[in-house]
Amino acid sequence: MEDTIIRFENVSKQYRLGMIGGTTLREELQRFGARLRHQEDPTAKIGQSLYTEGLKSGDTFWALRDIDLEIARGETLGIIGRNGAGKSTLLKLLCRITAPTTGTISYNGRIASMLEVGTGFHGELTGRENIYLNGAILGMSRAETDAKIDDIIEFSECGAFIDTPVKRYSSGMYVKLAFSVAAFLDAEIMIMDEVLAVGDAAFQQKCLRRMKDLAGQEHRTVLYVSHILPTVSELCSRCIVLDRGRVTYDGATQDAIDYYLEHELAGRTFIDYTDLSRPVNYLRRPVRLLRAELTDRDSSVFYDSEPLLLRMDIRFQEDCDGASFRLEIRTAEGRPVATSPLEGFLSGRAGEEKTILLRYDIPGLVPGRYETKFTFYYRREDDSTDNLECVDGIAFEKKLLRERQLRWDTGHWGNIRLDAPKLLELGPAKN
Amino acid sequence: MKFETVITAEKSGRIDIRELLRYKDLIWLFVKRDFVVRYKQTILGPLWAIIQPLLTTIVFNLLFGNLARLTTADSAAAEGAFIPGFLFYLSGTICWSYFSQTVTGTANTFINNHRILGKVYFPRLVMPVSGSISNMISFGIRFAMFLCVWAYFVLVKGSGIHLSAYAALLPLLLLQLMLMSMGFGLIIASVTIKYRDMMHLMEFGMQLWHYGTPVAYGLSLIPARYMGLYMLNPVTMVIVTFRYAFFGSGYFNAGYYALSWAVTLAALALGLSLFKRVERTFMDTI
């Protein structure tokens, strides 16, 4: 490719699972002791990602695997993928926040990253002071910021408050100011990680236009990561799909989005938990989940009022009397939606294995992508819960077959559509 | 195809001073931010910089001077010279507080700033460098106060103290203080990333270190046969020479002064190389 501005060659990034989070000398010794006795690492933590299941601590986990990528000057590249697919890691490597485990990344010019707005803003400083500070953090000299400051203030729409400490700003103003600094930086490469998710719609449009102009007229290169697919297709000319650390699709944006919706969202219907490492306080509890499956389907998409059939294989590690199970449903962003407990149904002897089949009717759930958590627990004397096993469950998607439907505003209305009320009376006013 | 920036998996041990200089504006802005933020919304403002050592000095004067009656002489020869206790404790305290603040601040660099360090790249050394500079400004304020008190004792009280030729070493002493604070701070910062235990150890360690430095007592308290060991602490020579410079009598030994520089540079070199090793990937573990 001629005029390549960024090149990834054979880039991989490996995380060691037990290392995520700090360690103390004591943990190190525990780990060493456990290794001597060939036991499970007591300090192991479960990674955030869906893809770390089956890994033990000390095991390594590839956040990115053999990435080869060339990006040309003036290109706007979208990066999409599920949570934990490696999108942020890719940008972090490029921004030099952490170093790759293998491979080489080369680029020309400066990088302006907007990984999170307001990074480096200090509440006590005024908007103007923060512009200089943020500019310097992004690599601008004082003179460069001086030359741009009027444009920045104007674009940010914060002119009236520019000499007020930013701790008095609303979060919207905060975002606007932060974006404006980055957007006016003379960097050849601009990186945005979901910054547009915040701020009002009009400002989002303005930002997208600005990024487009920068790419089109000034030949800047833009890398954009987002879950909001419409903004990706609006801004980007090319798009890659990441899955489990690998590039699974690279091409025109619309094709990439189609591919993503088809392949990635369909998701898995089966998870094997046998080798999953649990946090230390779950190691010796009576119930252990071995496998879970959404039965009689090959994709995790549910239409209309289809029931969700969940089959689980469990093993009792100790004698168990009257354990309960609950299914927690969350949005893809992790916001709790609803929980369905089934109480006191589970008993068995140590070593015994059982299969459970549950049927959930979820007609009220509005369309969208959902994640789940599977939790086994005891109900204590005081009616609080004592968790025995708690794992990330199978993600699923709810769709409606009807073509036209009320456009649901989940941000304000939530994710459950309650049954319509019974209309008891509707007539002329009587008073 | 040639690229300006190449990121590889290999660690390079080189400190890129040129890159650091390119970010001098950022260093300056961080210094300014530290200063503004530290005193904003306080009634007394920068006065706090001098109140703290002033109170410490008063307490030391009472405790070690009037009650414990520890010597304030740095050498047997200086035993006869009268040094106002207040001035003695003040001089040690302002030097020590720069050292302990900078070591602690540098040691906590990664932990206190992990949010910003996790989002954007700039040479990581910018943080400790700007921290030690902004502490130097606080030191400047304290030093000005010290000079006032000193002038009072010299001019008004007519104490027998006077400036000595060692005052010419002052810039060198401050530079040394800065370098050693950063050196030790960087060592602790690098180790803390892996072992948080170091943070607790450091609090306690700095207190012990304080006792191992002639801040609250004169150097002549130390028996001659332990002197070599004692002088491994590089802060000692800085404080003792500082006192000699302003009191006109005291202790100076070129050999020990050279030793303190050797320890300073060794700490700095070790600190920088450890820092270099962890800075590329510390975000994975913090």
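# Exercises on a predicted model

**Exercise 1. Which strands of chain A form a hairpin, and how many residues lie between them?**

Solution. Begin with the pairing: strand E17 (residues 368–379) of chain A runs antiparallel to strand E18 (residues 385–392) of chain A, and 7 bridges join the two. Next, locate a pair within this ladder, where Arg379(A) has Thr385(A) of E18(A) as its bridge partner. Finally, consider the connection: E17(A) and E18(A) form a hairpin with 5 residues between them, and in the turn Asp383(A) has a positive phi of about 70°. All of this is read from a predicted model, so the next exercise turns to its confidence values.

**Exercise 2. Over which residues of chain A does pLDDT stay under 50?**

Solution. Start with the whole chain, for which the mean pLDDT is 82, with 85% of the residues reaching 70 or more. Then look for the stretch in question, which is residues 40–57 of chain A, where pLDDT stays under 50 although the model has 59 contacts beyond four places in sequence for this stretch.

**Exercise 3. Which strands stand at the edges of the sheet E10-E11-E13-E16 in chain A, and why is one side of each left without a neighbour?**

Solution. First write down the order, E10-E11-E13-E16 (chain A), which describes an open sheet of 4 strands with antiparallel pairing. Strand E10 (270–272) and strand E16 (353–360) of chain A stand at the edges, and because each has a single partner strand, one side of each has no neighbour in the sheet. On average, and ignoring direction, neighbouring strands of this sheet are turned by 25° against each other. As a check on one pairing, strand E13 (residues 308–316) of chain A and E16(A) are antiparallel over 8 bridges, with Leu358(A) in E16(A) as the bridge partner of Leu310(A).

**Exercise 4. In what order do the strands of the 6-stranded open sheet of chain A stand, and which helix packs on the sheet?**

Solution. The order is E5-E6-E7-E3-E8-E9 (chain A), and the pairing is mixed. Strand E5 (111–114) and strand E9 (246–252) of chain A stand at the edges with a single partner strand each, so one side of each lacks a neighbour in the sheet. Neighbouring strands here are turned by 15° against each other on average, direction ignored. A parallel pairing is found between strand E3 (residues 76–81) and strand E8 (residues 238–243) of chain A, joined by 5 bridges, and within it Gly78(A) stands opposite Cys239(A) in E8(A). The helix is H6 (residues 201–216) of chain A, which touches E3, strand E6 (189–193) and strand E7 (221–225) of chain A, its direction making about 145° with that of E7(A).

**Exercise 5. Where does helix H4 of chain A bend, and against which helices do its buried residues pack?**

Solution. Helix H4 (residues 142–156) of chain A bends by about 50° at Lys148(A). Lys148(A) is one of the buried residues of H4(A), which also include Thr145(A) and Phe155(A). The buried residues pack against helix H3 (127–137) and helix H5 (171–183) of chain A. After H4(A) comes Glu157(A), with a positive phi near 60°.

**Exercise 6. How many residues does each chain bring to the contact between chains A and B?**

Solution. Chain A brings 39 residues and chain B brings 31 residues. On the side of chain B, the largest share, 6 residues, comes from H2(B), and that side divides into 16 nonpolar, 5 polar and 10 charged residues. Strand pairing also crosses between the chains, since strand E4 (residues 102–107) of chain A and E1(B) run antiparallel and are joined by 4 bridges, with Thr5(B) as the bridge partner of Tyr107(A).

Conventions: Residues are numbered from 1 along each chain as its sequence is written. Chains are lettered from A and ligands numbered from 1 in the order in which they are written. This is a predicted model: local features need pLDDT of at least 70, side-chain atom pairs count only at pLDDT 80 or more; totals for chains, interfaces and linings use all residues. pLDDT is the predictor's confidence in each residue, from 0 to 100. Two residues are in contact if their C-beta atoms, placed from the backbone, lie within 7 Å. Ala, Val, Leu, Ile, Met, Phe, Trp, Tyr, Cys and Pro count as nonpolar, Asp, Glu, Lys and Arg as charged, and the others, Gly among them, as polar. Two strands pair if DSSP finds at least two bridges between them. The bend at a residue is the angle between axes fitted to the seven residues ending there and the seven starting there. A residue is buried if 20 or more other C-beta atoms lie within 10 Å of its own, exposed if 12 or fewer, and partly exposed in between; C-beta atoms are placed from the backbone. Axes are lines fitted to C-alpha atoms, for helices over the stretch in contact, and angles run from 0 to 180 degrees between N-to-C directions.
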